[in-house]
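Got the viewer open? Let's take a short walk through the model, one selection at a time.

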Amino acid sequence: MLDLIAPFFERLNDTTGLNFSPFYDSYDWGRLLEGMWVSIKLITAIIAVSLVIGVVGAGAQTSRVRPVRWLVAAYIEVFRNTPPIVQLLFFYFGLGAITPQVDMGGWYEPMIGSFGWAVIAIGIFGGSYNVEIFRSGIEAVPDSTKEAAESLGFSQFKIFVYITLPLAVRICLPALTNNIVSLAKTSSLAYVIAVPEITYSLSGIWSDSVNVPEMMVLLFLYYIVLVAIIARIMSVIEHRLALPGYGQ
Amino acid sequence: MIMSPTETWSPAQPIVSLHGVHKSFGTFEVLKGIDIDVMKGEVVCIIGPSGSGKSTLIRTINGLTPVSKGSVKVEGIEVHDAGLDKLALRRKVGIVFQQYNLFPHRTVLQNVMMAPLLVLKENRKEVEARARALLEKVKLRDKEEAYPAELSGGQQQRVAIARSLCMRPDVMLFDEVTAALDPETVKEVLVTIKDLAGDGMTCMLVTHEMGFAREISDRVYFTDAGRIVESGPPSQIFDKPQDPRTREFLSKVL
Ligand SMILES: Nc1ncnc2c1ncn2[C@@H]1O[C@H](COP(=O)(O)OP(=O)(O)OP(=O)(O)O)[C@@H](O)[C@H]1O
Ligand SMILES: [Mg+2]
């Protein structure tokens, strides 16, 4: 791959001074691929965590136990009304400092690394939005449908899993897509705690090769393509889940 | 552990029996002492003006609406016991609603199979065979792969009936199941219910279809303002109503 494009980008650099070093220098190429790979892993993990929190939180909000509902409400208030970067720094430097170190046979490493903290912090941040999104979907499921399931002997838990949730997901999919895209973008904040994702690796390249504008362009392109792919995936899911004749 | 009272119930006793049932929503008393006994295989209709508490009454029988006072028993099981095994009750009692309430994200066949599979954890092959037979019975075999929103109201209501029957209930409750239907499709649903009654199913119906009530019922209950005003065989209620309220109601609807 690199062999194929390297001559072109080398010539581009020689003739115009536009230095896309990752496209001809194999070391920078490796850094770019690694950054993209870490970024995708990071985004996937963040989305997964945020979805689990969203479903569990929204389920907990329908709980009959009042303190449980208060807890969820407090969580949403805190994480929606503070900047995600502050949350990230709080988790990494605040909680990171008090989490135990693990003996790696001679040296010690923190139990949760910067990648882990980024997933936890941004996942929890995104989850606070997902709880609200799922809740609005859950509230839109008619009581009469749930009552029919109850009359057929479904337990509250089975009603939630087999009736409420599948319908709620369909209702809130557009809002969910927005939040997932926004989380993918927010993942770049992990840069500030040195998670070697795309922003971080490109910053490594531009400080070595002094090609900030070119790498910035690359970074923009990366996110544009990524967001387009996510939007496409979500629209395929939306299409797949669409019910013939329903909601039209 | 609560001893299962089913063992003490015999088919010679009422399969459904309500005694002194009261229900209030806040300070508003909707049911003011209802007594009804239904024997196995009987078909009873409950008629009465809007707001008289018919839906509330029928919903107390499968425990959807808790009673404030009184006793509701199905096959000897007290429905409103704190320690009631809800599942045991709901296997015995099926209910069909005015608005069908099918599961919109499942096909017709899945709608019918879902409860026996998930709730009773029955064998899939057996459930599928039973579901197909029921769909055959309600004349919807060709629609088994359709989604509810692709069906007419009458078709959806027949699926709802099949869905309830697939749990093999002993008693079926119908709450104005034709009220939301076009006049042409009312008949197909009534025919289904009539077949069911003909097969010996115990049925309790709330209905505004007076002709149907007269034709199908063993007994008719006329309710007004939370009380049973009058009850008896359809010939008596429709032809020789005793109470002026019954007469007034019938003169409006007939
Ligand atoms: N969950 C509830 N909370 C408060 N009031 C209720 C509730 N359910 C029913 N009611 C009231 O109880 C009364 C009886 O209602 P119900 O639905 O049982 O009447 P109905 O005889 O079925 O009427 P219709 O023929 O219109 O269906 C009505 O005045 C209704 O407003
Ligand atoms: Mg009603």
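A polar contact here is a pair of N or O atoms within 3.5 Å; within protein, one must be able to donate a hydrogen and the other to accept it, and residues adjacent in sequence count only if both atoms are side-chain atoms. Across the interface of chain A and chain B, five residue pairs are in polar contact, both at pLDDT 80 or more.

Two bits of housekeeping. This is a predicted model, where local features need pLDDT of at least 70, side-chain atom pairs count only at pLDDT 80 or more, and totals for chains, interfaces and linings use all residues. Residues are numbered from 1 along each chain as its sequence is written, chains are lettered from A and ligands numbered from 1 in the order in which they are written, and side-chain values use heavy atoms, with hydrogens and water left out.

Stay at the interface and select Glu147(A) and Arg59(B): their side chains form a salt bridge, 2.9 Å from N to O (a side-chain nitrogen of Lys or Arg within 4 Å of a carboxyl oxygen of Asp or Glu). The two chains share two such bridges.

Now colour helix 6 of chain A (143–151), a DSSP run of H or I with at least four residues, numbered from the N terminus. Helix 6 gives seven residues to the side of chain A that touches chain B, the most of any element.

Next, jump to ligand 1. Which side chains reach its oxygen atoms? Try Ser55(B), with a polar side-chain atom at 2.7 Å, then Glu176(B), at 3.0 Å. For a backbone partner, pick Ser52(B), 3.2 Å from a ligand oxygen.

Methods: Helices (H or I, at least four residues) and strands (E, at least two) are DSSP runs, numbered from the N terminus.
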